[in-house]
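Me: I would like to go through this model by question and answer. Please keep the replies short.

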Amino acid sequence: ELIAEAAAKPQQEREEKFLSVDEVCEILRVSSNTLWRWGKTGYLKSVKVGRTPMYRLSDIDNLRQGKGA
């Protein structure tokens with residue numbers, strides 16, 4: 001059942017893209033300090049890839065559409 005559900009999802013939903021701090025700053029036109037502050041308040045959470053904080057593209061898209069992360 002789970003395999004059937006996973007196969008039914010489009011490829012795009014299964015493969016999440018991640019952006020670096022610099023990429024997110026450029027897209028949202030904010031500083032890295034703002035991203036750090038948003039992470040502390042829970043407004044936009046980062047994901048650690050190794051030691052590097054990365055941001056989900058889907059979270060950025062939701063934020064830009066006014067849906068929050």
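Reply: A residue is exposed when its relative accessible area is over 50%, buried when under 20%, and partly exposed in between. The model is predicted.

Me: By that cut-off, is lysine 17 buried or exposed?

Reply: Lysine 17 sits in the loop between α2 (11-14) and β1. Its relative accessible area is 56%. The cut-off for exposed is over 50%. Lysine 17 therefore counts as exposed.

Me: Which residues does lysine 17 touch, leaving out those up to four places away in sequence?

Reply: Lysine 17 and tyrosine 55 lie 38 residues apart in sequence. In space their C-alpha atoms are 8.4 Å apart. The residues touched by lysine 17 are Tyr55, Arg56 and Leu57.

Me: What pattern does the chain follow along the sequence?

Reply: The chain holds 5 helices and 3 strands. Read along the sequence, they give α-α-β-α-α-β-β-α.

Me: What is the strand order in the open sheet?

Reply: β1 (18-19) and β2 (47-49) are edge strands, each pairing on one side only. β1 is joined to β3 by 2 bridges. β2 pairs with β3 (residues 52-56) over 3 bridges. Pairing is antiparallel, and the order is β1-β3-β2.

Me: Which residue of β3 stands opposite phenylalanine 18?

Reply: β1 and β3 run antiparallel. In β3, the residue opposite phenylalanine 18 is arginine 56.

Me: Which residue in the turn of the β2 and β3 hairpin has a positive phi?

Reply: Two bridge pairs come from β2 and β3. Lysine 48 has proline 53 as its partner, and valine 49 has threonine 52. The hairpin leaves 2 residues between its strands. In the turn, a positive phi of about 70 degrees belongs to glycine 50.

Me: What angle does the direction of α5 make with that of β3?

Reply: β3 pairs with β2 in the antiparallel sense. Helix α5 (residues 57-64) packs on the sheet and touches β1 and β3. Its direction and that of β3 make an angle of about 55 degrees.

Me: Why do the buried residues of α5 lie on the same side of the helix?

Reply: The buried residues in α5 are Asp59, Ile60 and Leu63. They lie on the same side of α5 because the arc they cover around the axis is only 100 degrees.

Me: What covers the buried residues of α5?

Reply: Asp59, Ile60 and Leu63 are the buried residues in question. Their cover includes helices and strands. Among them are β1, α3 (21-28), α4 (32-41) and β3.

Me: Which side chains meet in a salt bridge?

Reply: Side chains of opposite charge can pair when their charged atoms come close. A search of the whole structure finds 1 salt bridge. The N to O distance is 3.6 Å, and the side chains are those of arginine 56 and aspartate 59.

Me: Which is buried and which is partly exposed, arginine 56 or aspartate 59?

Reply: Arginine 56 has a relative accessibility of 33%, so it counts as partly exposed. Aspartate 59 has 14%. Under 20% is buried, so that is the label for aspartate 59.

Me: What is the angle at which α3 and α4 pack?

Reply: Two packed helices are described by the angle between their axes and the distance between the axes. From α3, Val21, Val24, Cys25 and Leu28 meet Ser32, Leu35 and Trp38 in α4. The axes are 9 Å apart, at an angle of about 100 degrees. That makes α3, relative to α4, roughly perpendicular.

Me: Which residue other than glycine, in the loop between α3 and α4, has a positive phi?

Reply: The phi in question is near 60 degrees. The residue is exposed, with a relative accessible area of 77%. The loop between α3 and α4 holds it. The residue is arginine 29.

Me: What is the phi of the glycine that follows α5?

Reply: The glycine is glycine 66. Its phi is positive, near 85 degrees.

Me: What share of the residues in the chain is buried?

Reply: The chain has 69 residues. Among contacts between residues at least 6 apart in sequence, 45% join residues at least 24 apart. Buried residues make up 17%.

How values were computed
Residues numbered from 1 in each chain as written. Predicted model: local features only at pLDDT ≥ 70, side-chain atom pairs only at ≥ 80, totals over all residues. Heavy atoms only, no water. Pairing = 2+ DSSP bridges. Helix = DSSP H or I, 4+ residues; strand = E, 2+ residues; numbered from the N terminus. Contact = heavy atoms within 4.5 Å. Axes fitted to C-alpha atoms, helices over the stretch in contact; angles between N-to-C directions. Salt bridge = Lys/Arg side-chain N within 4 Å of Asp/Glu carboxyl O. Buried < 20%, exposed > 50% of the residue type's maximum accessible area, 1.4 Å probe, protein only. Arc of directions from axis to C-beta. Parallel < 35°, antiparallel > 145°, perpendicular 65-115°, else oblique.
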